[in-house]
Structure formats: structure tokens, C-alpha cells
Amino acid sequence: MDEKAQLEKALEVLRNFIGGLAKQAGESEGYAETLWQGIRQSPGLLQELAYYHDYGKFLCRYEVAGYTLVDVLVWQVDHFKLYMDRPEEMNRYRQPRLLLASFDTMLQMEKEPGVFAEKMRCETGQDIR
């Protein structure tokens, strides 16, 4: 198998991985495909996804506005504590959904890094007054 064929095979494995996570998270195939196309266009996120797929942990090499996927994941868990009264909306018990949301947020951060950096600094699940 030549290098191009190997690359295409690896990309298909990652595409299917995203599709499987989306199914587990209760997301549509359309959502999975849109997310996959975004990740595929982002070399940094594609590398992070490949590492996560292979090792089950985050590489944390790629940053947007100084934030990694783990930073986004922690922010999401903290942020979604606000929804404790609505467990159907809770992400903390739905690992596939949190993982997908982290990649989705990073894609959005690539487009508007300042907006998301500000949200991550200011919007938390803490009841701070």
C-alpha cells in the first residue's frame, strides 16, 4: 500500500471514529460529518484526534489563544455544572458528547479566538459574586 492509500485509510478510520462517538452521544450523522470536515481541515486538531484515537488521551500540543483541548474540556465540565437541575442536558456523564463538544469548540475558537478566550475566562460554573 502506497503512502497516499495509507493516509486515506487513516483518515477514514478517524472519520468513522467521529461517527461512532456521535452515535454514542446521540448526535446526528450530519453533525458528525460536519465536525469531521472541520477537523480534517485543521492540521492541529487532526493531529490531536489521531493521538486521542491511538492512545486514549490528549496530546495537548495544539493551542488556540493559549488553550488546549483539555482546557476546553475542563471549562465545559465547569460551565455545565450550571445545568445540575436538568440531567438530560448534562455532559459530564456523557464522555463522547464532551469529547465532540471540545473539538467543536476548538474549531469555533480557530475562527473567533478572542470571543472564546473571553468566555473561558469569564463563564464558569462557579457561583462567584
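This report describes the helices of a predicted model, the packing between them, and selected residues in helix H5 and in the loop between H3 and H4.

**Overall architecture**

The secondary structure of the protein consists of six helices and zero strands. Along the sequence, the elements follow the pattern α-α-α-α-α-α. The protein has 129 residues, of which 33% are buried. Among contacts with a sequence separation of 6 or more, 61% join residues that lie 24 or more positions apart.

**Helix H5**

Helix H5 covers residues 95-111. At 1.5 Å a residue, its 17 residues should span 24 Å, and the end C-alpha atoms are 25 Å apart, which agrees. The buried residues in H5 are Pro96, Leu98, Leu99, Leu100, Ala101, Ser102, Phe103, Thr105, Met106, Leu107 and Met109.

Ser102, which belongs to H5, has a relative accessible area of 1% and is therefore buried. Beyond its neighbours within four places in sequence, Ser102 is in contact with Leu69, Val72, Leu73 and Gln76.

**Helix H3**

Helix H3 has 13 residues, for which a rise of 1.5 Å a residue gives an expected span of 18 Å; the end C-alpha atoms are 18 Å apart, so the two values agree. Within H3, the buried residues are Gly44, Leu45, Leu46, Glu48, Leu49 and Tyr52. Gly56, just after H3, adopts a positive phi of about 70°.

**Packing between helices**

Two packed helices are described by the angle between their axes and the distance between the axes. The table gives these values for three pairs.

| Helix pair | Angle between axes | Distance between axes |
|---|---|---|
| H2 and H5 | about 50° | 10 Å |
| H5 and H6 | roughly 125° | within 5 Å |
| H2 and H3 | roughly 110° | within 6 Å |

Helix H2 (residues 29-40) packs against H5 at an angle of about 50°, with the axes 10 Å apart. This angle makes H2 oblique to H5. The crossing of the two helices is left-handed. From H2, the contact draws on Tyr31, Leu35, Gly38 and Ile39, and from H5 on Leu100, Ala101, Phe103, Asp104 and Leu107. By class, the contact of H2 with H5 comprises seven nonpolar residues, one polar residue and one charged residue.

H5 also packs against helix H6 (residues 113-122), where the axes come within 5 Å and cross at roughly 125°. H5 and H6 are therefore oblique to each other. In this contact, H5 contributes Thr105, Gln108, Met109, Glu110 and Lys111, while H6 contributes Pro113, Phe116 and Met120. The residues of the contact of H5 with H6 divide into four nonpolar, two polar and two charged.

For H2 and H3, the axes cross at roughly 110° and come within 6 Å. H2 is thus roughly perpendicular to H3. Trp36, Ile39 and Arg40 of H2 meet Leu45, Leu46 and Leu49 of H3. The contact of H2 with H3 has five nonpolar residues, no polar residues and one charged residue.

Ile39 of H2 takes part in the contact with H5 and also in the contact with H3. On the H3 side of the latter contact, Leu45, Leu46 and Leu49 are buried residues of H3. On the H5 side of the contact with H2, Leu100, Ala101, Phe103 and Leu107 are buried residues of H5.

**The loop between H3 and H4**

Most residues other than glycine have a negative phi, and most peptide bonds are trans. Cys60 lies in the loop between H3 and H4, and its phi is near 60°, a positive value in a residue other than glycine. With a relative accessible area of 31%, Cys60 is partly exposed. Ala65 lies in the loop between H3 and H4 as well, with a positive phi near 55° in a residue other than glycine. At 44% relative accessibility, Ala65 counts as partly exposed.

Thr68 is located in the loop between helix H3 (43-55) and helix H4 (69-79). Thr68 counts as buried because its relative accessibility is 8%. Leaving aside neighbours within four places in sequence, Thr68 is in contact with Cys60, Tyr62, Glu63 and Met106. One of these partners, Met106, is a buried residue of H5, and another, Cys60, is the loop residue whose positive phi is near 60°.

Key
Residues are numbered from 1 along each chain as its sequence is written. This is a predicted model: local features need pLDDT of at least 70, side-chain atom pairs count only at pLDDT 80 or more; totals for chains, interfaces and linings use all residues. Side-chain values use heavy atoms; hydrogens and water are left out. Helices (H or I, at least four residues) and strands (E, at least two) are DSSP runs, numbered from the N terminus. The expected span of a helix is 1.5 Å times one less than its number of residues. Buried means under 20% relative accessible area, exposed over 50%, partly exposed in between (1.4 Å probe, protein chains only). Axes are lines fitted to C-alpha atoms, for helices over the stretch in contact, and angles run from 0 to 180 degrees between N-to-C directions. Angles under 35 degrees count as roughly parallel, over 145 as roughly antiparallel, 65 to 115 as roughly perpendicular and the rest as oblique. A crossing is left-handed if the near helix is turned anticlockwise from the far one by less than a right angle, and right-handed if clockwise. Contact means heavy atoms within 4.5 Å. Ala, Val, Leu, Ile, Met, Phe, Trp, Tyr, Cys and Pro count as nonpolar, Asp, Glu, Lys and Arg as charged, and the others, Gly among them, as polar.
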